[in-house]
There are 2 protein chains.
Amino acid sequence: MSAIGNLRAVSEAYPCDENGLRALFLRQPSEIAEAGAALFFEGDPACHVFHLVSGNVRICRFLADGHRFIIGFLRAGDLIGLSFRSRYMFGAEAIDRVAFRRMSKRMFEEELQLAPEHRSQMLSHLRDEITASQDHMLLLSQKNAEERVCTFLLDRLDSDDTPGLVSLPMIRSDIADYLGMTIETVSRTLTKLVLKGIILPAARHQFKVVSRSSLARHANEANEYDDHQGEALRVLQ
Amino acid sequence: MSAIGNLRAVSEAYPCDENGLRALFLRQPSEIAEAGAALFFEGDPACHVFHLVSGNVRICRFLADGHRFIIGFLRAGDLIGLSFRSRYMFGAEAIDRVAFRRMSKRMFEEELQLAPEHRSQMLSHLRDEITASQDHMLLLSQKNAEERVCTFLLDRLDSDDTPGLVSLPMIRSDIADYLGMTIETVSRTLTKLVLKGIILPAARHQFKVVSRSSLARHANEANEYDDHQGEALRVLQ
DNA sequence: CGTGGTCTTGATCTACCTCAAAGTGGGTGG
DNA sequence: CCACCCACTTTGAGGTAGATCAAGACCACG
């Protein structure tokens with residue numbers, strides 16, 4: 001349900017969808033960004049498309065009055081920049097030590113020309129991003145603090161490597177700006193979920209989910225429709 | 001800045017972008033939906049792509065607890081269904097009497113095959129939708145009631161035919177569910193803007209904008225970056 | 001063993017929600 | 001043409017979830 005963060009999970013469900021796109025980056029050298037460093041800033045001319053090799057990245061925008069909004073979190077395997085026009089519409093900052101590969105938009109475009117099936121993967125990726133954005137709008141406009149935090153934990157649970165564990169590499173203010181709340185409310189809500197026995201503090205930046213179903217119930221998610229069923233009808237691939 | 005509503009304005013800025021896509025629908029018969037009727041429901045198998053000829057449509061989703069969220073408003077010229085997977089992720093309802101044309105996804109796909117440049121238009125459209133979604137997330141997570149309403153009016157002002165006039169064909173509860181507030185707060189905020197002399201009630205479902213700059217100031221928009229500048233570099237077209 | 005960044009907890013405040021009632025205007029039928 | 005109705009809108013009064021302000025607690029780091 002994260003704006004961007006869960007695209008990895010989506011692509012795991014359709015393993016063949018974007019591997020092709022990701023493979024393009026293997027020829028590029030791997031670069032490193034230290035925690036806190038910016039890969040690029042909001043408003044910069046958009047020259048590159050990025051592929052995250054390891055680490056975590058936050059995607060942010062700023063209001064005129066200085067307020068920050070976090071559009072989403074990215075992790076290993078995610079792509080950045082597929083939806084850009086001539087300028088980056090948001091900034092990308094390393095949460096921890098990040099390894100990434102980049103490719104100029106020009107080169108990326110040439111690769112797409114060589115293998116047109118990549119265009120379908122692009123479309124698929126963009127549609128996933130739109131769906132995720134809409135889910136997040138729903139969260140921001142209709143859900144209360146507890147539902148927001150539960151939804152967030154659920155998303156990260158589903159896309160995490162270790163079953164039953166949720167890792168939150170970002171700090172509270174990142175979560176707050178992503179969920180549209182304050183750090184205090186995020187903290188209080190997490191405490192409340194612990195007291196309710198739904199989650200347990202496991203390690204620094206990590207929680208154990210005691211009851212996934214309970215978490216899901218508190219997330220108040222919209223009904224899910226099986227999107228795989230009509231796969232044969234899927235157009236624009 | 002609306003999630004979907006301002007795509008028309010965007011495409012007016014790039015007049016050649018999507019006309020091609022829209023032209024595909026001219027061969028289809030025009031259909032009518034009366035006010036309140038649904039073009040399709042959330043969760044239905046996604047069989048068609050729609051082109052709105054006249055009238056206004058609201059796009060909605062529902063939470064498990066019955067709360068409604070309006071993703072955006074569509075008007076003459078807009079397309080619906082380009083971002084669908086196998087099922088509609090939201091419902092579409094006619095606000096007033098609506099004329100539209102539709103095309104099966106299969107036929108639409110075939111048209112795309114025949115004229116591959118349409119794929120670039122698809123990509124362009126989807127990227128616009130993503131940008132609009134992100135703007136709206138920013139509104140929902142960071143803006144207060146007055147900023148939300150001003151932003152909404154500003155969007156509709158920019159994409160309206162009659163300069164200085166904003167028409168709001170939808171009812172207050174539609175606006176409320178779109179901006180993530182209650183009908184009472186929408187009403188109170190509009191009244192306050194009238195008292196401040198920023199807008200004037202002009203007709204039923206219509207306001208006159210006295211001071212566009214004042215409206216913009218109260219909207220607290222993020223800084224805009226000129227996206228046209230790097231047009232020559234635009235890839236994926 | 002400080003020190004600075006992060007996180008939690010508490011007390012208070014407020015923007016917006018909720019509940020309630022009155023106002024408005026278009027449509028319908030007599 | 002008027003009177004009624006119904007859906008929509010506005011306005012008011014009071015309540016509350018979450019923000020804000022403030023103070024400790026925790027922890028990694030030099």
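**Entry 1. DNA strand C**

I began with T191(A) and found an N or O atom of its side chain 2.7 Å from a phosphate oxygen of DNA strand C. I note at the outset that this is a predicted model, and I read each distance below as a computed value.

I then looked up two further polar contacts to this strand. A polar backbone atom of A145(B) lies 2.8 Å from a phosphate oxygen of DNA strand C. The side chain of R188(B) places an N or O atom 2.8 Å from a base oxygen of DNA strand C.

Which residues come nearest to DNA strand C? I recorded R172(A), R188(A), T191(A), A145(B) and T185(B), out of 16 residues around the strand. By class, I counted three nonpolar, seven polar and six charged residues in this surface.

I next asked which element gives the largest share of the surface near DNA strand C. It is α7(A), with four residues. Both α7 of chain A and α7 of chain B supply at least two residues each.

I also checked which part of the strand faces the protein. Of the atoms of DNA strand C within 4 Å of the protein, 64% belong to sugar or phosphate, and the rest belong to bases.

**Entry 2. DNA strand D**

I repeated the search for DNA strand D. Here T191(B) has a polar side-chain atom 2.8 Å from a phosphate oxygen of the strand. T182(A) also reaches a phosphate oxygen of DNA strand D, with a polar side-chain atom at 3.0 Å. For R188(A), I found a polar side-chain atom 2.8 Å from a base oxygen of DNA strand D. The elements that give two or more residues to this surface are α7 (183–195) of chain A and α7 (183–195) of chain B.

The largest share of the surface near DNA strand D comes from α7(B), which gives four residues. I listed 16 residues around the strand, and A145(A), T185(A), S187(B), R188(B) and T191(B) come nearest. The residues of this surface divide into three nonpolar, seven polar and six charged. Of the atoms of DNA strand D within 4 Å of the protein, I noted 63% in sugar or phosphate and the rest in bases.

**Entry 3. Chain A overall, and helix α6**

I turned to the protein itself. Chain A has eight helices and 11 strands, and 59% of its 237 residues count as buried. Among its contacts between residues at least 6 apart in sequence, 75% join residues at least 24 apart.

I then asked why helix α6 (residues 172–179) of chain A is largely enclosed by the rest of the structure. Six of its eight residues are buried, so the helix is largely enclosed. I listed the buried residues of α6(A) as D174(A), I175(A), A176(A), D177(A), Y178(A) and L179(A). In chain A they pack against β4, β5 (68–74), α4 (117–142), α5 (145–158) and α7, and in chain B against α4 (117–142). Just after α6(A), I noted that G180(A) takes a positive phi of about 70°.

**Entry 4. G55(A)**

I located G55(A) in the loop between β3 (48–54) and β4 (57–62) of chain A. Is this glycine, G55(A), buried or exposed? Its relative accessible area is 18%; residues under 20% count as buried, and therefore G55(A) is buried.

I looked up its contacts, leaving out residues up to four places away in sequence: G55(A) touches L74(A), R75(A), A76(A), D96(A), R97(A) and V98(A). I also took the C-alpha separation of G55(A) and E34(A), which are 21 residues apart along the chain, and obtained 9.8 Å.

**Entry 5. Nonpolar cores**

I asked which residues touch the most other members of the largest nonpolar core. They are I80(A) and I80(B), in a core of 105 residues. Residues up to four places away in sequence aside, I80(A) touches L39(A), F40(A), V49(A), F50(A), V57(A), I59(A), L74(A) and F90(A). I found a second, separate core of 26 residues, which includes F25(A), F108(A), L123(A) and L82(B). In soluble globular proteins, nonpolar side chains tend to be buried together.

**Entry 6. Cysteines**

I closed with the cysteines. C60(A) has 1% relative accessibility and therefore counts as buried. C60(B), also at 1%, counts as buried. How many disulfides are there over all chains? I counted zero.

Terms used:
Residues numbered from 1 in each chain as written. Chains lettered and ligands numbered in written order. Predicted model: local features only at pLDDT ≥ 70, side-chain atom pairs only at ≥ 80, totals over all residues. Heavy atoms only, no water. Disulfide = S-S within 2.5 Å. Buried < 20%, exposed > 50% of the residue type's maximum accessible area, 1.4 Å probe, protein only. Core = buried A, V, L, I, M, F, W, Y, C linked by side-chain atoms within 4.5 Å. Contact = heavy atoms within 4.5 Å. Near = heavy atom within 4 Å. Polar contact = N/O pair within 3.5 Å; in protein donor to acceptor, adjacent residues only side chain to side chain. Nonpolar A, V, L, I, M, F, W, Y, C, P; charged D, E, K, R; others polar.
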